[in-house]
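Colleague: I'd like to learn how to read pockets, ring pairs and buried residues in a model. Could you walk me through them?

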Amino acid sequence: MKIIDILNRQGVSVSFEVFPPKKDSDFSQARQVVTEIASLSPSFLSVTFGAGGGTSKSTAQIAELIQQCGVPALAHLTCVSSTGEEVSGVLEDLKSRGIQNVLALRGDIPPGMEFPSPRQYRYAKELVRQIKSSGNFCIGAACYPEGHVECEHKEDDIDHLKEKVDCGCDFLTTQMFFDNNIFYNFLYRILAKGIQVPVAAGIMPVTSSKQIRRICALSGTALPPRFLAIVDKFSDNPKAMKQAGIAYATEQIIDLVANGVKAIHVYTMNKPDVARKIMENISDILSVGQKGLD
């Protein structure tokens, strides 16, 4: 099933992200993670793509496994280190496995890499354009409610986003955010630019202080005072931090659903117990939302 059809249905969709194993020897563990999260009946599961194509084969394998579990799969595809020929090979592999959905990403620039490199992509919109011409894929792309860290002006970032949508992107998924008001403001700003494709809100339950450091280093995501107070109070107690992080993410999701957001994408970092707790916390809320839209 195509993700756009899921997002256009009545009711709220809840999906999760998983990542493939770095080594073939870890595939059995990845299989267990996928099986456990798929048993929660998410709307779909996305699977990430390794920098430089290092885990591209595993991405396709995991996507195929997801669909064997009865859940639609969304395969990430990055292009920063790839040529058009290499991208074509990945797309053909996905087709052969019955994968219909691709999340088109530029990807992080590897350290020491010449960028842009000859014969290789510079922008995600170029990847969107190639996927669009390569078959009947449903295409997603990333968006950044607080602006991309490499883009100086937020309005320029939205202009770039509009270009991706105009190239054939069917839906968007946001980077994680911890202040819902930033997301709501972002929705108004992209609508003013004529971007009308569905937008899935990306939520990360922060369960350790290590995640906080990584978030701040890579994304520049704003951390609201209320969230920082939770981290300050509980970061030295792993169990308490995990419980508090799940509670904070749950509260975000409840607020989003109450304000009419229909698509939630949860970054669970391959932790089935976190995904399960989130689903337990919002099970009745989702059913109320569904009834209200029927």
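Colleague: Let's start with the second largest pocket. Which element gives the most to its lining?

Modeller: Keep in mind that this is a predicted model. To read a lining, see which elements the residues come from. Here helix H7 gives the most to the lining of the second largest pocket, with 6 residues. H7 (180–192) and strand E7 (199–203) are the elements that give two or more residues to that lining.

Colleague: How many residues line the second largest pocket, and which lie nearest its centre?

Modeller: There are 19 lining residues, and Leu 187, Pro 198, Val 199, Gly 260 and Val 261 lie nearest the centre. The space in this pocket comes to about 450 Å³.

Colleague: What does the lining look like by class?

Modeller: Count the classes: 14 nonpolar, 4 polar and 1 charged residues line the second largest pocket.

Colleague: On to rings. How many aromatic pairs does the structure hold?

Modeller: It holds 4 aromatic pairs. For each pair, look at the centre distance and the angle between planes. Take Phe 227 and Tyr 248: their centres are 5.0 Å apart and the planes meet at 70°, which makes the pair edge-to-face, because an angle over 60 degrees falls in that class.

Colleague: Where do the two partners sit in the chain?

Modeller: Phe 227 belongs to helix H9 (residues 225–234) and Tyr 248 to helix H10 (residues 238–258). They are 21 residues apart, so the pair links distant parts of the chain.

Colleague: Are Phe 227 and Tyr 248 buried or exposed?

Modeller: Phe 227 is buried, at a relative accessible area of 1%. Tyr 248 counts as buried too, with 5% relative accessibility.

Colleague: Which residues do ring pairs link into a cluster?

Modeller: That cluster is made up of Phe 177, Phe 183 and Tyr 184. A charge over a ring is another thing to look for: Lys 125 lies over the face of Tyr 123, 5.4 Å from the ring centre.

Colleague: Last one: how do I read a single residue, say Leu 103? Where is it, and what does it touch?

Modeller: Start with the element, then accessibility, then contacts. Leu 103 is in strand E4 (residues 101–105). It counts as buried because its relative accessibility is 7%, where the cut-off is under 20%. Leaving aside neighbours within four places in sequence, the contacts of Leu 103 include Leu 74, His 76, Gly 140 and Thr 173. For a C-alpha separation, try Leu 103 and Cys 169: they are 66 residues apart along the chain, with 9.1 Å between their C-alpha atoms.

Methods: Residues are numbered from 1 along each chain as its sequence is written. This is a predicted model: local features need pLDDT of at least 70, side-chain atom pairs count only at pLDDT 80 or more; totals for chains, interfaces and linings use all residues. Side-chain values use heavy atoms; hydrogens and water are left out. Rings of Phe, Tyr and Trp (its six-membered ring) pair if their centres lie within 6.5 Å; planes under 30 degrees apart count as stacked, over 60 as edge-to-face and the rest as tilted. Helices (H or I, at least four residues) and strands (E, at least two) are DSSP runs, numbered from the N terminus. Buried means under 20% relative accessible area, exposed over 50%, partly exposed in between (1.4 Å probe, protein chains only). A charge sits over a ring if NZ of Lys or CZ of Arg is within 6 Å of the ring centre and within 35 degrees of the ring normal. Contact means heavy atoms within 4.5 Å. On a 1 Å grid over the protein atoms alone, a cavity is a set of points where a 1.4 Å probe fits but cannot get out, and a pocket is an open set with protein on both sides within 12 Å along at least five of seven lines; lining residues have an atom within 4 Å of a point. Grid points are joined across faces, edges and corners, and a volume is the space filled by probe spheres set on the points. Ala, Val, Leu, Ile, Met, Phe, Trp, Tyr, Cys and Pro count as nonpolar, Asp, Glu, Lys and Arg as charged, and the others, Gly among them, as polar.
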